[in-house]
Amino acid sequence: LAATSGSDRDQALDALIDYAVRATRWRRTAKITPLTVAFPGRPT
């Protein structure tokens, strides 16, 4: 995302937001806690 600009940046940001929302919905459906992850991709 940092290496993009203009409409490419907007599209990448929209995709990341969509992913985060979908992931939260799936975690809620699966009753997994916590629902959100502070640093996605980082080992816990």
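**Asp-18, Arg-27 and the largest pocket**

Asp-18 counts as partly exposed in this predicted model, with a relative accessibility of 36%.

Colleague: With which residue does Asp-18 meet in a salt bridge?

Modeller: Asp-18 is in helix H1, and a residue 4 places from it in that helix is separated from it by about one helical turn. The two side chains meet at 2.9 Å, N to O, inside the 4 Å limit for a salt bridge. The partner of Asp-18 is Arg-22.

Colleague: How many salt bridges does the count come to?

Modeller: Side chains of opposite charge can pair when their charged atoms come close. Asp-18 and Arg-22 form such a salt bridge. By the rule of 4 Å between nitrogen and carboxyl oxygen, the count comes to 1.

Colleague: What is the distance from Arg-27 to the nearest side chain of opposite charge?

Modeller: Arg-27 has its place in helix H1, residues 6-29. Arg-27 is buried yet has no salt bridge. Beyond its neighbours within four places in sequence, Arg-27 is in contact with Ile-32, Pro-34, Leu-35, Thr-36 and Val-37. The nearest side chain of opposite charge is Asp-18, at a distance of 13 Å.

Colleague: What is the volume of the largest pocket?

Modeller: Its lining includes Arg-27, together with Tyr-19, Ala-20, Ala-23, Thr-24, Thr-36, Val-37, Pro-40 and Gly-41. These lining residues divide into 5 nonpolar, 3 polar and 1 charged. The volume of the largest pocket is about 160 Å³.

Terms used
Residues are numbered from 1 along each chain as its sequence is written. This is a predicted model: local features need pLDDT of at least 70, side-chain atom pairs count only at pLDDT 80 or more; totals for chains, interfaces and linings use all residues. Side-chain values use heavy atoms; hydrogens and water are left out. On a 1 Å grid over the protein atoms alone, a cavity is a set of points where a 1.4 Å probe fits but cannot get out, and a pocket is an open set with protein on both sides within 12 Å along at least five of seven lines; lining residues have an atom within 4 Å of a point. Grid points are joined across faces, edges and corners, and a volume is the space filled by probe spheres set on the points. Ala, Val, Leu, Ile, Met, Phe, Trp, Tyr, Cys and Pro count as nonpolar, Asp, Glu, Lys and Arg as charged, and the others, Gly among them, as polar. Helices (H or I, at least four residues) and strands (E, at least two) are DSSP runs, numbered from the N terminus. Buried means under 20% relative accessible area, exposed over 50%, partly exposed in between (1.4 Å probe, protein chains only). Lys and Arg count as positive and Asp and Glu as negative; His and the chain ends are not counted. Contact means heavy atoms within 4.5 Å.
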